[in-house]
Amino acid sequence: MVETSGRLRRWSQAAGSGVVLCVGAGVLLFYVNRLFAELPLYAGDEGAYLINALYARERAWAPQVYPSVQPVANTLYFAIVRLVDALSLNVIPWMRLIGALSYFGGLALLYLVAARECGRKLAAGFLLIAALFPYYRFAFAAMPDGVYAGLLCLVAFVVYRVYATRPLLGAALVGGLAAALVLVKPHGVVVVPAFVALCLVQAVVGRGPIPPVLARLALFAAAFMAVGAGIELAAGRSLEQAMTFFRGSAYAQHLGQEAVARAPAMAALSAASMGGLCAVLLSVPLVAAVAGWLRDRREGPGVLSAGGLALLFVALCLAGTLAMVTIFAFRMAGIEAETRRLWGRYFEFYTPMLWLLAARPLAVWERLATTRGRLLAAAGVIAGLGALLGVFALGVRLFPWDGTAVTAFAAPDVVAFPFGDLGGSRLIAVLATAAVALATLAGVSVRAAWPAYFVVLGLLSTRADDAWVGEIAQRWRAIEHELHVADALAVERAAPAVVFVDGLNEGHVAYLRLRGRAIIRLASPGPIAEDALAGFNSAVVIGPHPIGEGWRTVFEGRELTIYAREAPAQ
């Protein structure tokens, strides 16, 4: 009887794991399908990166062609884009693939760390948790997020392998990789304070001498500056620009803005929302890691293990990122569109990294955790959930282009599944969060409960993403087809041509589709003013903006209209 009961339990666990795997794979395949779209889906961000990478020289010669494009300077990422463009027929799908491969390749590196720490079988369970976390949305995008996450995983792997055993080599490698990370995405500057803090913590814990720590930090700084400045000089930057590569052009401008009266409140709201989400996603691995560290300290003072160093380093990077985004929210508080937003995209990728790096303390914690320890982890999840609901009540907004898993909490609308309605998306996410906290408290294996939880978040957040993209993708397809007509009728035959758009999204799509050969202008509400048309013989208008007398309609589509002058301008 006991044997039969045990067999049934094993079968039910296997069946449950199979369902979780199948559903998780379905969510992943949904984003794999996005590899092949020819135009940016996230037109604002993807478009800005691609335009600055592919048309930097043309825009330097004639900045008036499209003066509204955001000034981003991700030098190393742009070099990758240009190389792929030179070697392929369509750069956008390839950049999406490179981002996805970088992200999953980085997780594979951290799996190797987990396997060395606790064995392959246990590590595979934590790899499943990491792989099912739904950060795919930005990994499968023509943006630097996937490459950035993968490169940060590489930095953590280097910390694990050589930081303690070959300290000077480790400092040089981490410094050089940190510079490369900054030039992929400016957020990489958080590695600098994280590495400094890591060195100081190890010196305090290990009670070691200070001079070797100073030598390590000096070598780190030298490698950081040498690699960063070298890449910038190779890209044609001036010496002054090269020596300040770590500032980030767009972010330096944002952080230079004057703070407004409500800035402290907006910064506190941003910090509370990010802290709440981190508590939901990371309370369990962080509690397990701290419990393991305290257990080791009770057995006697000593240096941190290689796994502990890598875990602490990534946790410090996360803390630095949250601080950076909080400062950003403080400085941007005067711009309504940038406030009350939860920027999960900037830090959610730390979740799979920390779950993998905490594999060993988690495996020990599952065996040895007391009720008090499990209660602390579950309470952290519930406290984070309460913080999220609180900031939502205070007006924090969730957009599909700002976050991944967190958009499962996007709105209290009804979720329609093939087998019927299951209530509000936020309600389902709240119930799932409460259920995984209860499972943690009850002693259910984290390798069983948390993959299922991340699959639920993946389903809900993907539904929100699909609703948004499904609506906008149809419009992008229509604009793309009609821009082919505009290319033939207005740009090729009647240059110079001007394209009037309602916003940057349409402007980026038009600029990329017309290969930078038309002048892009943001249209004011209402008709196009005659002085805006001076000097042009043809005009393409995306949106409801009629043109006055002296122009005839050449083509009228669903999204755009092409006009030509009755008499060419002299």
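Visitor: Which residues does Arg216 touch, leaving out those up to four places away in sequence?
Guide: Keep in mind that this is a predicted model. In it, Arg216 touches Tyr163, Pro167, Leu168, Ala171, Phe195, Cys199 and Gln202.

Visitor: And where is Arg216 found?
Guide: In helix 11, which covers residues 210-234.

Visitor: Is Arg216 buried or exposed, and which side chain of opposite charge is nearest?
Guide: Arg216 is buried. The nearest side chain of opposite charge is Glu117, 16 Å away, and Arg216 has no salt bridge. A salt bridge would need a side-chain nitrogen within 4 Å of a carboxyl oxygen.

Visitor: OK, what polar contact joins its side chain to Tyr163?
Guide: One of 2.7 Å, between the side chains of Arg216 and Tyr163. Tyr163 is also among the residues that Arg216 touches.

Visitor: Switching to the sheet. What's the strand order?
Guide: It goes 4-3-5-7-6, an open sheet of 5 strands with mixed pairing.

Visitor: Why do strand 4 and strand 6 each have one side without a neighbour?
Guide: Strand 4 (519-522) and strand 6 (551-556) stand at the edges and have a single partner strand each, so one side of each has no neighbour in the sheet.

Visitor: By how many degrees are neighbouring strands turned against each other?
Guide: On average 25 degrees, with direction ignored.

Visitor: Let's look at strand 5. How does it run relative to strand 3 and how many bridges join them?
Guide: Strand 3 (residues 497-501) and strand 5 (residues 538-542) run parallel, joined by 4 bridges. Val498 stands opposite Ala539, and Phe500 has Val541 as its bridge partner.

Visitor: What about strand 5 and strand 7?
Guide: Those two run antiparallel, with 5 bridges between strand 5 and strand 7 (residues 560-565). Ala539 turns up here too: its bridge partner in strand 7 is Tyr563.

Visitor: How many residues of strand 5 are buried?
Guide: 5 of its 5 residues, so to speak mostly covered.

Visitor: Which of them point which way?
Guide: Ser538, Val540 and Ile542 point one way from strand 5, while Ala539 and Val541 point the other way. Residues on both sides are buried.

Visitor: Last one: which strands does helix 21 lie across?
Guide: Helix 21 (residues 504-513) lies across strand 3, strand 4 and strand 5. Against strand 4, helix 21 runs at about 175 degrees.

Methods
Residues are numbered from 1 along each chain as its sequence is written. This is a predicted model: local features need pLDDT of at least 70, side-chain atom pairs count only at pLDDT 80 or more; totals for chains, interfaces and linings use all residues. Side-chain values use heavy atoms; hydrogens and water are left out. Buried means under 20% relative accessible area, exposed over 50%, partly exposed in between (1.4 Å probe, protein chains only). Lys and Arg count as positive and Asp and Glu as negative; His and the chain ends are not counted. A polar contact is a pair of N or O atoms within 3.5 Å; within protein, one must be able to donate a hydrogen and the other to accept it, and residues adjacent in sequence count only if both atoms are side-chain atoms. Contact means heavy atoms within 4.5 Å. Two strands pair if DSSP finds at least two bridges between them. Axes are lines fitted to C-alpha atoms, for helices over the stretch in contact, and angles run from 0 to 180 degrees between N-to-C directions.
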